[in-house]
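Grab a pencil and work through these exercises with the structure open beside you. Try each task before you read its solution.

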Amino acid sequence: RASWFASLNGSLALSARRGWCMENRVSPDANANAAALPLPPSNLLGGVVAGASLCHVVLPAFMDDTFALVPHHTIFSPIASLPFPFIWNLLTAHLFEASLLRALLVTPAVVCMAQRLERLWLELGGLAGAMSWRRGLLYLAFSCVATSLVFLVWEVVEVFRTSREKDFFSGTRGCCGLVVALSVGLRHAYPLEALPFVPKAWGLQCQHLPFCLALLCTLLGLGSLLPEWPYAPLAFFFAWFYLRYLMWFSHARAYGDHSPDFLFANLFPPALRPIAGAVGALTHNLAAAAAPGLLRLRSPEDDAERAEAIVYDPSRMVDGAVLWNSAGAMSLAHASSSSPWPSPLFPAQSGEVLPGAPGSKEYDARRAKALKLLDESISSMLVPKGARPDPAPESADPSTAPDARAVANGDSEANG
């Protein structure tokens, strides 16, 4: 009887183990189906921008009153029967343009940059991939909402200062803040990649894009050509702030990229970095005194012990998805400055080595040239200072020129 009960318990345990294995075998497919989207996030975002801009052309008054950033509508409810203010316009004000021509120019840029970041959001696949692109959308939402809040306070202060009550009821909308936020994400993910549709002689990379866009929008705004120009510099800061302190990186299991490569001053040109660094350090110290838990930076030793770094490696690609750099240190050494942007007509194949990436012909040629120059430098340093020969005078007959190597060897033997 005891042996019968033992065999029965063993059969039940084996059945339970098989059922658990079947659940694990089915769960990835279920997660993938649950995470599947009817449209890629980049196309969905571009469709929202294009559709909302077209609706503004058809119904301008309705779109401005409902979805544009109107200070009165955001603070007070414009409808007596609805006691809630239109707080959603803090986000929706960044999703459409007032001009159809500007919408035609902005929509392809939004889709192109979002597609580039989409390769990181969906690289894991399944439920993990869904959580990744949701964190990406949360990054864009935070940048836009924080930008709108600061702009709202600025508008209210200006109304009280200038007594222009008309500005309190006027709407502001535009996608420049959204575009700058996407460019900051590209600067963080692919800083050394060359910009498309730009002459290579200019040497512009993704790390130059956020500052150039913010500066361009500011200059257009000061010239009264872009009314919503404050969106650009504000999104420039808040997008960096979210990636620096709040973004959750599941590979590194840490909040925020605290590496020295992602300092706020590094977003500026080298000539402006000392000023930006001084202002950033002062602001960080003041803010850390008020919120030390939020703005506390990890030490480099803590980040060096992590299994994964908070950087991306464009040279590593599996099924068209860019993988994370598995190096322990937070370095941009593996990023490629000549890696092409994704093309819908010619997608990259699985396991393909990108041009300029480690393993390619261009990379091996540059490496061989650098090693040759290094060997020559080391060889010149090993020769004693007093034994270095004077440069030989030019001679018409090459046979009359002295052999520098022989002179150097003779001097060395004499010194010996």
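Helices and strands here are DSSP runs, numbered from the N terminus, where a helix needs at least four residues and a strand at least two. Keep in mind that you're looking at a predicted model.

**Exercise 1. Getting an overview**

Task: How many helices and strands does the protein have, and what share of the residues is buried?

Solution:
- Step 1: Go through the elements, and you get 14 helices and 4 strands.
- Step 2: Now look at burial. Of the 416 residues in the protein, 37% are buried.
- Step 3: Turn to the outside. The accessible surface is about 24,100 Å², and carbon and sulfur atoms own 66% of that.
- Step 4: Check how far contacts reach along the chain. Take the contacts between residues at least 6 apart in sequence: 63% of them join residues at least 24 apart.

**Exercise 2. Finding the core**

Task: Work out which helix gives the largest share of the largest nonpolar core.

Solution:
- Step 1: Start with the core itself, which has 59 residues. Tyr 139, Leu 178, Val 184, Phe 236 and Trp 240 have the most contacts inside it.
- Step 2: List the helices that each supply at least two residues: α2 (41-58), α6 (100-121), α7, α8 (176-189), α9 (209-222), α10 and α11 (273-290).
- Step 3: Pick the winner. That's α10, with 12 residues.
- Step 4: Put it in context. In soluble globular proteins, nonpolar side chains tend to be buried together.

**Exercise 3. Zooming in on Leu 178**

Task: Is Leu 178 buried or exposed, and what does Leu 178 touch?

Solution:
- Step 1: Locate Leu 178 in helix α8.
- Step 2: Compare its relative accessibility with the cut-off. Buried means under 20%, and Leu 178 has 1%, so it counts as buried.
- Step 3: Skip residues up to four places away in sequence, and the partners Leu 178 touches are Leu 45, Val 49, His 94, Leu 95, Val 110, Leu 140 and Cys 144.
- Step 4: Look at one more residue, Ala 232. Leu 178 and Ala 232 are 54 residues apart along the chain, and their C-alpha atoms are 8.1 Å apart.

**Exercise 4. Sorting ring pairs**

Task: Classify the pair Tyr 139 and Tyr 242, then the pair Phe 264 and Phe 268.

Solution:
- Step 1: The structure holds 20 aromatic pairs. In the pair of Tyr 139 and Tyr 242, the centres are 5.9 Å apart and the planes meet at 40 degrees, which makes the pair tilted.
- Step 2: Ask where these rings sit. Tyr 139 is in helix α7 (residues 126-162) and Tyr 242 in helix α10 (residues 231-246), so the pair ties together parts 103 residues apart in sequence.
- Step 3: Check burial. Tyr 139 counts as buried at 3% relative accessibility, and Tyr 242 counts as buried at 7%.
- Step 4: Over to Phe 264 and Phe 268. Their ring centres are 5.2 Å apart with planes at 75 degrees, so this pair is edge-to-face. Phe 264 is buried at 18%, and Phe 268 is buried at 17%.
- Step 5: Follow the ring pairs further. They link Phe 264 and Phe 268 into a cluster with other rings, including Phe 211, Phe 236 and Trp 240.

**Exercise 5. A histidine and its surroundings**

Task: Which residues does His 72 touch?

Solution:
- Step 1: Find His 72 in helix α4 (residues 71-75). Its relative accessible area is 18%, so His 72 is buried.
- Step 2: Leaving out residues up to four places away in sequence, His 72 touches Pro 78, Phe 168 and Phe 169.
- Step 3: Add the polar contact of 3.2 Å between the side chains of His 72 and His 73.

Conventions: Residues numbered from 1 in each chain as written. Predicted model: local features only at pLDDT ≥ 70, side-chain atom pairs only at ≥ 80, totals over all residues. Heavy atoms only, no water. Phe/Tyr/Trp six-rings, centres within 6.5 Å; stacked < 30°, edge-to-face > 60°. Buried < 20%, exposed > 50% of the residue type's maximum accessible area, 1.4 Å probe, protein only. Polar contact = N/O pair within 3.5 Å; in protein donor to acceptor, adjacent residues only side chain to side chain. Contact = heavy atoms within 4.5 Å. Areas by Shrake-Rupley, 256 points an atom, 1.4 Å probe, with all protein chains shown as cover. Core = buried A, V, L, I, M, F, W, Y, C linked by side-chain atoms within 4.5 Å.
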